[in-house]
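This text leads through one structure step by step, from its helices to its sheets and its ligand. Keep the sequence and the model in view while reading.

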Amino acid sequence: MVGENLIYADNAATTRISDRAFKKMLPFLREQYGNASSQYSFGVKAKREIEQARKNVANAIGAEPSEIIFTSGGSEANSWVIRSILETYHKEQIHIITSAIEHHSVLNVCRAIERSGIEVTFLPVDYTGRVSVDDVLAAIKPHTKFITIMLANNEIGTIQPIAEISRLLKDKEILFHTDAVQAVGHIPVDVKALNVDYLTASAHKFYGAKGTGVLYRRSGLELPPLIFGGQQEHGVRAGTENVAGIIAAGCAIEESVEEMAERTNILRAMVEKTVKGIKDKIPLVRINGDSENQLPGMINLSFDNVPGESLMHLIDLKGVCVSTSSACNSGRDEPSHVLLALGLSEQQAKSAIRISYGKYNNIDEVDDVVMAVCDSYHKIVMNR
Ligand SMILES: Cc1ncc(COP(=O)(O)O)c(C=O)c1O
């Protein structure tokens with residue numbers, strides 16, 4: 001619950017910063033505002049806290065602190081690692097593989113490097129949103145050098161078989177990146193178990209602050225600098241650090257992992273209750289995603305013949321925040337590329353809404369969410 005009457009059920013778009021992370025970051029904005037590169041104790045204290053945050057992030061994903069680079073967000077980390085292959089494979093004819101349902105911060109950079117002459121395969125997904133491991137294998141060519149496939153999808157919550165895909169790549173010289181923005185802090189993520197070379201995370205999705213991202217880079221791998229200047233972030237991303245944001249990220253990720261098991265049970269119960277409640281009143285609703293491999297807390301629903309945009313606005317008038325598809329797409333009247341890839345028609349894809357619960361929701365809110373969705377749906381249908 002936010003404010004007096006508002007129910008925020010759009011945690012896949014962003015989360016409220018946790019109380020612990022907020023408290024931890026605040027002094028670094030006003031009292032302890034030193035530059036982490038300064039040599040006197042005021043700066044050294046900030047640097048020490050950044051390094052603690054780096055350890056926390058590393059611990060949370062099974063990495064070493066030296067493998068963690070802080071960025072301005074998930075988009076930056078995705079763009080950076082994918083664009084870096086232009087420089088790494090300068091003038092070589094190379095091929096890369098991704099999926100059709102990636103976040104736009106991956107898809108659009110893949111399209112951009114395709115225009116620069118790199119061959120890109122966009123793999124299809126099945127009706128649940130899963131990439132097939134066999135399709136990955138079949139797509140690999142002698143000159144394939146890089147694969148990027150997300151760990152969990154931001155619109156439907158489907159979790160991909162990343163560890164199985166990385167097993168295919170064991171004896172191949174192919175770098176493997178996963179966009180784990182929706183996964184880190186929500187499901188167990190271990191870079192060694194996943195066996196990925198690069199991984200992206202974003203603090204505002206796990207109860208940290210907006211404007212802080214994480215790029216994991218496996219030890220020993222080259223990464224051309226994104227920003228030139230000082231020696232911050234192991235010399236690959238210059239610029240005065242976002243001290244408070246990084247400290248909040250380190251605190252929030254530790255807390256998210258601590259709370260994960262208990263929170264997951266609550267979120268799953270909320271999802272079950274929501275789906276049952278909506279299905280009871282709207283039997284023809286379609287649930288998009290993969291019930292077996294699904295992020296806790298996320299539900300994507302489509303309703304035949306009802307525009308998701310209108311539905312979302314009516315639900316909003318009832319004090320409930322849900323989204324039409326991904327927050328990044330909203331505002332454009334385009335069907336979701338993710339839902340089209342699942343095989344939904346354009347009309348079905350435009351009829352979808354996403355409900356995503358988080359730790360600041362409670363199960364008592366579910367009845368209000370169900371009522372807001374169902375009443376809004378019936379209002380549109382009756383006014384035809
Ligand atoms: C899967 C996925 N990747 C990347 C991003 C971009 O992250 P950021 O908002 O930190 O740039 C998002 C944000 O919605 C996302 O859901």
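In this predicted model, a first place to look is the pair formed by helix α3 and helix α4 (residues 104–115), which pack at an angle of about 25 degrees with their axes 9 Å apart. Angles under 35 degrees count as roughly parallel, and α3 and α4 are therefore roughly parallel to each other. The crossing of α3 past α4 is right-handed. On the α3 side, the contact is made by Gly74, Ser75, Asn78, Ser79, Ile82, Arg83 and Leu86. On the α4 side, Ser105, Val106, Val109, Cys110 and Ile113 take part. Sorted by class, the residues of this contact are 6 nonpolar, 5 polar and 1 charged.

Helix α3 spans residues 74–88 and also leads to the ligand, since it supplies 3 residues, the largest share of the surrounding shell.

The shell around the ligand holds 14 residues, and the closest are Gly73, Gly74, Ser75, Asn154 and Ser202. Divided by class, this shell has 10 polar, 3 nonpolar and 1 charged residues. Gly74 and Ser75, listed among the closest to the ligand, also belong to the contact of α3 with α4.

Next come the sheets. Strands of a sheet pair through backbone hydrogen bonds, either parallel or antiparallel. One open sheet has 7 strands in the order β2-β8-β7-β6-β5-β3-β4, and its pairing is mixed. At its edges are β2 (68–71) and β4 (119–123), each of which pairs on one side only. Ignoring direction, neighbouring strands of this sheet are turned by 20 degrees against each other on average. Within the sheet, strand β6 (residues 175–179) and strand β7 (residues 198–202) run parallel and are joined by 3 bridges. Opposite His177 stands Tyr198 in β7. Strand β7 ends at residue 202, and Ser202 is one of the residues closest to the ligand.

Another open sheet is formed by 3 strands in the order β9-β10-β12, with antiparallel pairing. Here the edge strands are β9 (286–288) and β12 (352–356), and each pairs on one side only. The average turn between neighbouring strands of this sheet is 30 degrees, with direction ignored. Strand β10 (residues 298–302) and β12 run antiparallel, with 5 bridges between them. Met298 has Ser356 in β12 as its bridge partner.

Two further helix pairs share helix α12 (residues 366–382). One of its partners is helix α9 (residues 308–317): the two axes come within 9 Å and cross at roughly 125 degrees. α9 and α12 are therefore oblique to each other, and their crossing is right-handed. From α9, the contact involves Ser310, Leu311, Leu314 and Ile315. From α12, it involves Ala372, Val373, Ser376, Tyr377, Lys379 and Ile380. By class, the contact of α9 with α12 has 7 nonpolar, 2 polar and 1 charged residues.

Helix α8 (residues 243–281) also packs against α12; the axes of α8 and α12 come within 9 Å and cross at roughly 35 degrees. The crossing of α8 past α12 is right-handed. Here Met270, Lys273, Thr274, Gly277, Ile278 and Lys281 of α8 meet Val366, Val369, Val370, Val373 and Cys374 of α12. The contact of α8 with α12 divides into 7 nonpolar, 2 polar and 2 charged residues. Val373 of α12 takes part both in this contact and in the contact with α9.

Terms used
Residues numbered from 1 in each chain as written. Predicted model: local features only at pLDDT ≥ 70, side-chain atom pairs only at ≥ 80, totals over all residues. Near = placed C-beta within 6 Å. Helix = DSSP H or I, 4+ residues; strand = E, 2+ residues; numbered from the N terminus. Nonpolar A, V, L, I, M, F, W, Y, C, P; charged D, E, K, R; others polar. Pairing = 2+ DSSP bridges. Axes fitted to C-alpha atoms, helices over the stretch in contact; angles between N-to-C directions. Parallel < 35°, antiparallel > 145°, perpendicular 65-115°, else oblique. Left-handed = near helix turned anticlockwise from the far one by under 90°. Contact = placed C-beta atoms within 7 Å.
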